[in-house]
Amino acid sequence: MVSANQTASVTEFVLLGFSAYPNLEKTFFVLILLMYVAILLGNGVLILVTVSNSHLHTPMYFFLGNLSFLDICYTTSSVPLILDSFLTPRKTICFSACAVQMFLSFAMGATECVLLSLMAFDRYVAICNPLRYPVVMSKAAYVPMAAGSWVAGSTASMVQTSLAMRLPFCGDNIINHFTCEILAVLKLTCADISVNVISMGVTNVIFLGVPVLFISFSYVFIIATILRIPSAEGRIKAFSTCSAHLTVVIVFYGTILFMYGKPKSKDPLGEDKEDLADKLISLFYGVVTPMLNPIIYSLRNKDVKAAVRNLVFQKCFAF
């Protein structure tokens, strides 16, 4: 029987990352660095305009500001580690830092799932019950809703991280990933992980399954309401208020479903290619998606575009 104090023997983990593809590391370093800068700038500008522009002090843009801040936090919890791994020959992370990184990335992912469902609810009330919108989505309602999403995501992450890091790691300490991804870490333990598997399953149902169903039903009612609008112009205007959110939802959940739902190859010769593909998809989810969010909302939202233009105009005249 393995003693629990064997966990103390593991003081660090080795992140395999893209070390098997050294020729790609420099290219990925430049690409990811540029994407990270774009994430900070794009989401930073969105936060600035939603806070500084009084016309954007509405529930939808409050949630959008939270989403932008979340994307910055999510990428900051992993991208610096990824960039550092491209430059150092020995890609290690200490046990405590791995736990912190795991907690932050899981918390941000779970919180985003809840936030996207709240944004869907906001669009549902705005389009399907416009007369009740000021009452249902008052400041006294949407601020606690956003705060609750952060609390729920952080709580779920704390539970999963605690369950994972209390396990004994008495064998290989090489993580076949470029971050401390919880599933990759669980593969290294030498103890029974049935509790972790059950807990992860329940968490996935709550933070993935329930929000997907909630968003789907919301858009069924939204589309049904839009189709009942008599004029084509009215239908286009109504749909334009939720098209950006719908696009973000499709990109976010589509990447997750493709990443975890695609079948595994049984051909041993194709395992290396599949491993590289899995890492690239994970990288897309962790870096490209947060970069696309501000672009999608800027391109498909007239209010945001106008606010950004006004902000740039004011800064130019300030100099």
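Modeller: A helix here is a DSSP run of H or I with at least four residues, a strand is a run of E with at least two, and both are numbered from the N terminus. By that reading, valine 205 is found in helix α8, residues 194-227. Keep in mind that this is a predicted model.

Biologist: How many helices and strands does the protein have, and what pattern do they follow along the sequence?

Modeller: The secondary structure comes to eleven helices and three strands. Along the sequence the pattern is β-α-α-α-β-α-α-α-β-α-α-α-α-α. Contacts with a separation of 6 or more can be sorted by distance along the chain, and in this protein 81% of them are between residues 24 or more positions apart.

Biologist: What share of the residues counts as buried?

Modeller: A residue is buried when its relative accessible area is under 20%, and exposed when that area is over 50%. Of the 319 residues of the protein, 45% count as buried. The accessible surface comes to about 16400 Å², and 70% of that belongs to carbon and sulfur atoms.

Biologist: Which residues make the nonpolar surface patch?

Modeller: Ile198, Val202, Val205, Ile206 and Val210 make a nonpolar patch of about 450 Å². Valine 205, where we began, belongs to this patch and to helix α8.

Biologist: What span should helix α4 have, and what is the distance between its end C-alpha atoms?

Modeller: The expected span is 1.5 Å times one less than the number of residues. For α4, residues 95-128, the 34 residues should therefore span 50 Å, and the end C-alpha atoms are 50 Å apart, which agrees. Helix α4 is mostly covered, with 25 of its 34 residues buried.

Biologist: Where does helix α6 lie in the sequence, and how far does it reach?

Modeller: Helix α6 takes in residues 139-165, 27 in number, and reaches 39 Å from its first C-alpha to its last, close to the 39 Å expected. Its buried residues include Tyr142, Ala146, Trp150 and Gln160. Among the elements that cover the buried residues of α6 are β1 (12-15), α2 (59-76), α4, α7 and α8. Glycine 148 also has its place in α6, but it is partly exposed, with a relative accessible area of 35%. The C-alpha atoms of glycine 148 and threonine 111 are separated by 9.0 Å, although the two residues are 37 apart along the chain.

Biologist: What does phenylalanine 62 touch?

Modeller: Leaving out residues up to four places away in sequence, phenylalanine 62 touches Tyr142, Val143 and Ala146. Phenylalanine 62 is in helix α2 and, at 30% relative accessibility, counts as partly exposed. Tyr142 and Ala146 are among the buried residues of α6.

Biologist: Which cysteines does the disulfide join?

Modeller: In general, a disulfide is a covalent bond between the sulfur atoms of two cysteines. A search of the whole structure finds one, and it joins cysteine 98 to cysteine 180, with an S to S distance of 2.1 Å. Cysteine 98 lies in α4 and cysteine 180 in the loop between β3 (174-175) and α7 (182-186), so the bond ties together parts 82 residues apart in sequence. The torsion about the S-S bond is about -130°, so the disulfide is left-handed. Both cysteine 98 and cysteine 180 are buried.

Biologist: How far from cysteine 94 is the nearest cysteine sulfur?

Modeller: That sulfur belongs to cysteine 98 and is 8.5 Å away; cysteine 94 is in no disulfide. The cut-off for a disulfide is 2.5 Å between sulfur atoms. Cysteine 94 is partly exposed, at 37% relative accessible area, whereas cysteine 113 is buried, at 4%.

Biologist: Which side chains meet in a salt bridge, and are they buried or exposed?

Modeller: The structure holds one salt bridge. In it, the side chains of arginine 123 and aspartate 122 meet at 2.8 Å, N to O. Arginine 123 is buried, with a relative accessible area of 7%, and aspartate 122 is buried as well, with 0%.

Biologist: Where is histidine 245, and is it buried or exposed?

Modeller: Histidine 245 is found in helix α9, residues 232-261. Its relative accessible area is 3%, so it counts as buried. Not counting residues up to four places away in sequence, histidine 245 touches Leu116, Met119, Ala120, Tyr219 and Tyr297.

Technical notes
Residues numbered from 1 in each chain as written. Predicted model: local features only at pLDDT ≥ 70, side-chain atom pairs only at ≥ 80, totals over all residues. Heavy atoms only, no water. Buried < 20%, exposed > 50% of the residue type's maximum accessible area, 1.4 Å probe, protein only. Patch = residues over 30% accessible without salt bridge, like charges linked within 9 Å, V, L, I, M, F, W, Y side chains within 5 Å. Areas by Shrake-Rupley, 256 points an atom, 1.4 Å probe, with all protein chains shown as cover. Salt bridge = Lys/Arg side-chain N within 4 Å of Asp/Glu carboxyl O. Contact = heavy atoms within 4.5 Å.
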